[in-house]
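Thank you all for coming. I would like to walk through one model this morning, element by element, and I will give the cut-offs as the terms come up.

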Amino acid sequence: MHPVSERFDFTGDELAPAYRAAVDAIEAGDLVVLPTDTVYGIAADAFKADAVQRLLDAKGRGRDMPPPVLISVVESLDALATDVPDAGRKLCEAFWPGPLTVICHAQGSLMWDLGDTQGTVALRVPDHENTRELLSRTGPLAVSSANLSGQPAALDVYDAEEQLLDTVAVYLDGGAVDGGEPSTIVDLTGDFPHIVRIGALSVRQIRDVVPEATTDDEPTEVAPEASEEETKKDDEPTAKQEKATDVRPAD
């Protein structure tokens with residue numbers, strides 16, 4: 001538990017103190033809560049195994065639910081993942097930055113320990129300008145939803161503070177997030193892109209880009225205005241996790 005947590009305004013033009021505090025905390029192996037375009041996330045240096053374990057402990061979850069990794073730009077995809085199919089690249093080009101998480105084969109040379117990933121990694125570029133700027137300064141961050149396991153994902157910094165308390169060194173207050181729905185997760189490690197969680201992006205939106213995408217959760221054919229409704233969940237990668245990463249994703 002961190003002895004003293006600090007909160008910083010993460011809006012407007014005076015962001016220097018917030019960036020400095022967050023970068024210092026990440027470099028020290030501490031945790032940072034930050035806003036994304038979906039929900040608030042709790043972040044740790046993806047390449048510090050003790051920091052990632054601290055993140056899992058703060059949420060109350062085990063190594064069988066490793067966190068996704070946020071990156072600042074699409075170009076970082078090939079630095080962290082390998083054997084990305086053309087269909088996966090089309091999805092990333094279409095929906096990054098945005099609420100799409102892709103599960104890929106991880107680069108074998110990377111020195112990290114995110115948990116029991118079975119050689120995969122879940123990646124996303126968030127559609128939040130200030131958070132992407134922070135990611136450009138820290139490098140890839142392991143990020144799970146900022147909540148205790150089993151509780152609703154935090155939609156503002158105060159909710160995150162109430163749940164996580166002093167386990168977090170720095171809280172970045174970006175105001176209430178507009179999204180509230182988790183990212184849609186697509187597994188790219190099989191023969192076809194497989195939607196393992198339907199979130200902010202619908203099956204229809206995914207198939208508009210890659211018609212061959214499969215899912216075990218086919219949407220019911222209903223009136224168009226109702227077909228896009230999704231259930232709000234904890235924003236982290238799901239049940240495909242037998243061969244992937246965070247099973248109930250949380251960005």
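Strand 6, which covers residues 100–106, pairs with strand 10 in the parallel sense over four bridges, where pairing requires that DSSP finds at least two bridges between the two strands. Within that pairing, Ile103 has Asp187 of strand 10 as its bridge partner. When I speak of helices and strands, I mean DSSP runs numbered from the N terminus, with H or I over at least four residues for a helix and E over at least two for a strand.

Before going further, I should say that this is a predicted model, in which local features need pLDDT of at least 70 and side-chain atom pairs count only at pLDDT 80 or more, while totals for chains, interfaces and linings use all residues. Residues are numbered from 1 along each chain as its sequence is written, and side-chain values use heavy atoms, with hydrogens and water left out.

Staying with strand 10, residues 184–187, we find that Thr184 and Val186 point one way, that Ile185 and Asp187 point the other way, and that all of them are buried. Buried here means under 20% relative accessible area, exposed means over 50%, and partly exposed is what lies in between, with a 1.4 Å probe and protein chains only. In a regular strand the side chains alternate between the two faces of the sheet.

Strand 10 also runs antiparallel to strand 11, to which three bridges join it, and a hairpin of six residues makes the connection between strand 10 and strand 11. Val186 has Ile195 of strand 11 as its bridge partner.

What surrounds His194, which is found in strand 11, residues 194–197? Leaving aside residues up to four places away in sequence, His194 touches Ile185, Val186, Asp187, Thr214, Thr215 and Asp216, a contact being heavy atoms within 4.5 Å. With Thr214 there is also a polar contact, side chain to side chain, at 2.6 Å. That term stands for a pair of N or O atoms within 3.5 Å, where within protein one must be able to donate a hydrogen and the other to accept it, and where residues adjacent in sequence count only if both atoms are side-chain atoms. His194 counts as buried, at 14% relative accessibility.

Let me turn to the helices. In helix 2, residues 49–59, the buried residues are Ala51, Val52, Leu55, Leu56, Ala58 and Lys59. Viewed down the helix axis, these buried residues fall within an arc of 160°, so they line one face of helix 2; the arc is taken from the directions from the helix axis to the C-beta atoms. They pack against strand 3 (40–45), strand 8 (141–145) and helix 6 (157–164). Just after helix 2, Gly60 takes a positive phi of about 80°.

Helix 6 itself has Val157, Ala160, Glu161, Gln163 and Leu164 buried, and the elements covering these residues include strand 1 (6–9), strand 2 (32–35), strand 3, helix 2 and strand 9 (170–173). At the start of helix 6, a side-chain oxygen of Asp156 reaches to within 3.0 Å of the backbone nitrogen of Tyr158, and just after the helix Leu165 takes a positive phi of about 50°.

How many salt bridges are there? The count comes to eight, taking a salt bridge as a side-chain nitrogen of Lys or Arg within 4 Å of a carboxyl oxygen of Asp or Glu. Asp37 forms one of them with Arg124, with the closest N and O atoms 3.0 Å apart. Asp37 lies in the loop between strand 2 and strand 3 and Arg124 in strand 7 (residues 120–124), so the pair ties together parts that are 87 residues apart in sequence. Asp37 is buried at a relative accessible area of 17%, and Arg124 is buried at 0%.

In another salt bridge, the side chains of Asp45 and Lys48 meet at 3.0 Å, N to O; Asp45 is buried, with a relative accessible area of 10%, whereas Lys48 is partly exposed, at 27%.

To close with the protein as a whole, its secondary structure comes to eight helices and 12 strands, and buried residues make up 55% of its 251 residues. Among contacts between residues at least 6 apart in sequence, 66% join residues at least 24 apart.
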